[in-house]
Amino acid sequence: MKRNQTAFMKLCLADALIKLMAAQDYDSINVNTICELAGVGRTTFYRHLDCKNSKEELLIFKINYEWGRYADLHQEDVEKDKGFALTCFIYENRRLFSLLYNNGLIVVIMRACELLVSGGETWDKNFSYLMSFFIYGYFGVIYQWIKYGFDETPEQVQKHIIDTFSVDLTQNT
C-alpha cells in the first residue's frame, strides 16, 4: 500500500509541475509552488525525492508511469515491436515531450528514452555498448522529430529508422 501512495504522490507532484511548466519557465518553478499546487507538504516531497534533481526525477517518473499504462493497454503491439510502440507512445504524449523540449530539458527526454528502451535492465559490458548505440540513435531520431514539431506520423518516423539501418554507407552521396 505504501508503494501505491508514493506513486500517487509522485504523480500528483509531476502533474503539478507539468501544469506549471505550461504557464511559466521551468527554471522559475520552485518546490514550494509544486507542493502547493499538488497539495503535498515540502517534508513529504523531500522524503521521496532527491533534492538536487527532484523536478527531473518527477518528469522521468511521469513518463515511465505513463509508458507502463500505455504498454498495458497496447500489450500486443509492444510484444510485436516495442520500438514502434514506444514511438506511438511518444506521439500520443507529444504535448509533454514538446513542453520538455521547449524548456531545454533534452536530458530528461534522453534519460526517459534510456529507461523506456532498456526497461531498467542491465547488461554485460559488450551488450551494453550495442544497446547504447541503439538507445542514443533512437533518442536522436526522437529529438529531431520533436524539434520538427512532430510533423510526421509514427509510421513515417519508423520508415526513417528502417531506411537509416538499410543505407549503404559505402556509397558517397
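In this predicted model, Lys62 counts as buried, because its relative accessibility is 12% and the cut-off for buried is under 20%. This lysine lies in helix H4, which covers residues 54-73. What does the side chain of Lys62 make a polar contact with? The partner is the side chain of Asp15, at 2.7 Å. Setting aside neighbours within four places in sequence, Lys62 is in contact with Leu11, Ala14, Asp15 and Ile18.

Ile18 shows the other side of that pairing. This residue is found in helix H1, which runs over residues 2-23. With a relative accessibility of 8%, Ile18 counts as buried too, because the value falls under the 20% cut-off. Apart from neighbours within four places in sequence, the residues in contact with Ile18 are Leu59, Lys62, Arg95, Leu96 and Leu99. Going back along the chain, Thr6 is twelve residues away from Ile18, and the C-alpha atoms of the two are separated by 18 Å.

Now for the chain as a whole. The protein chain has ten helices and zero strands, so to speak an α-α-α-α-α-α-α-α-α-α pattern when read along the sequence. Its C-alpha atoms fill a box of roughly 60 × 35 × 30 Å along the principal axes. Of the 173 residues in the chain, 35% are buried. Among contacts with a separation of 6 or more, 62% come from residues 24 or more positions apart.

Helix H6 spans residues 82-92. At its start, a side-chain oxygen of Asp81 comes to within 3.2 Å of the backbone nitrogen of Gly83. Further into H6 there is a run of buried residues: Ala85, Leu86, Thr87, Cys88, Phe89 and Ile90. What covers them? The cover for the buried residues of H6 includes helix H4, helix H5 (75-80), H7, H8, H9 and H10.

Helix H9 takes up residues 125-147, and its length can be checked with a bit of arithmetic. At 1.5 Å a residue, its 23 residues should span 33 Å, because the expected span is 1.5 Å times one less than the number of residues. The C-alpha atoms at the two ends of H9 are 32 Å apart, which agrees. Which residues of H9 are buried? They are Met131, Ile135, Tyr138, Phe139, Ile142, Trp145 and Ile146. Their cover includes H6, helix H7 (94-102), helix H8 (106-118) and helix H10 (154-166).

Both ends of H9 have something to look at. Asp124 sits in the loop between H8 and H9, and this residue is exposed because its relative accessible area of 51% is over the 50% cut-off. The side chain of Asp124 reaches the backbone nitrogen of Asn126 at 3.2 Å, right at the start of H9. Just after H9, Gly149 takes a positive phi of about 75°. Phe150 also has a positive phi, of about 55°, although Phe150 is not a glycine. Phe150 is found in the loop between H9 and H10. Is this loop residue buried or exposed? At 7% relative accessibility, Phe150 counts as buried, since that value is under 20%.

Next come the helix pairs. Two packed helices are described by the angle between their axes and the distance between the axes. For H6 and H9, the axes come within 12 Å and cross at roughly 30°. Angles under 35 degrees count as roughly parallel, and H6 and H9 are therefore roughly parallel to each other. Their crossing is right-handed. On the H6 side, the contact is made by Gly83, Leu86, Thr87, Ile90 and Tyr91, while H9 brings in Tyr138, Ile142 and Trp145. Leu86, Thr87 and Ile90 are also listed among the buried residues of H6, just as Tyr138, Ile142 and Trp145 are among those of H9.

H7 and H8 pack with their axes 7 Å apart, at an angle of about 135°. That angle lies between 115 and 145 degrees, so H7 and H8 are oblique to each other. Where they meet, H7 supplies Phe97, Leu100 and Tyr101, and H8 supplies Ile106, Val108 and Ile109.

Methods
Residues are numbered from 1 along each chain as its sequence is written. This is a predicted model: local features need pLDDT of at least 70, side-chain atom pairs count only at pLDDT 80 or more; totals for chains, interfaces and linings use all residues. Side-chain values use heavy atoms; hydrogens and water are left out. Helices (H or I, at least four residues) and strands (E, at least two) are DSSP runs, numbered from the N terminus. Buried means under 20% relative accessible area, exposed over 50%, partly exposed in between (1.4 Å probe, protein chains only). Contact means heavy atoms within 4.5 Å. A polar contact is a pair of N or O atoms within 3.5 Å; within protein, one must be able to donate a hydrogen and the other to accept it, and residues adjacent in sequence count only if both atoms are side-chain atoms. Axes are lines fitted to C-alpha atoms, for helices over the stretch in contact, and angles run from 0 to 180 degrees between N-to-C directions. Angles under 35 degrees count as roughly parallel, over 145 as roughly antiparallel, 65 to 115 as roughly perpendicular and the rest as oblique. A crossing is left-handed if the near helix is turned anticlockwise from the far one by less than a right angle, and right-handed if clockwise.
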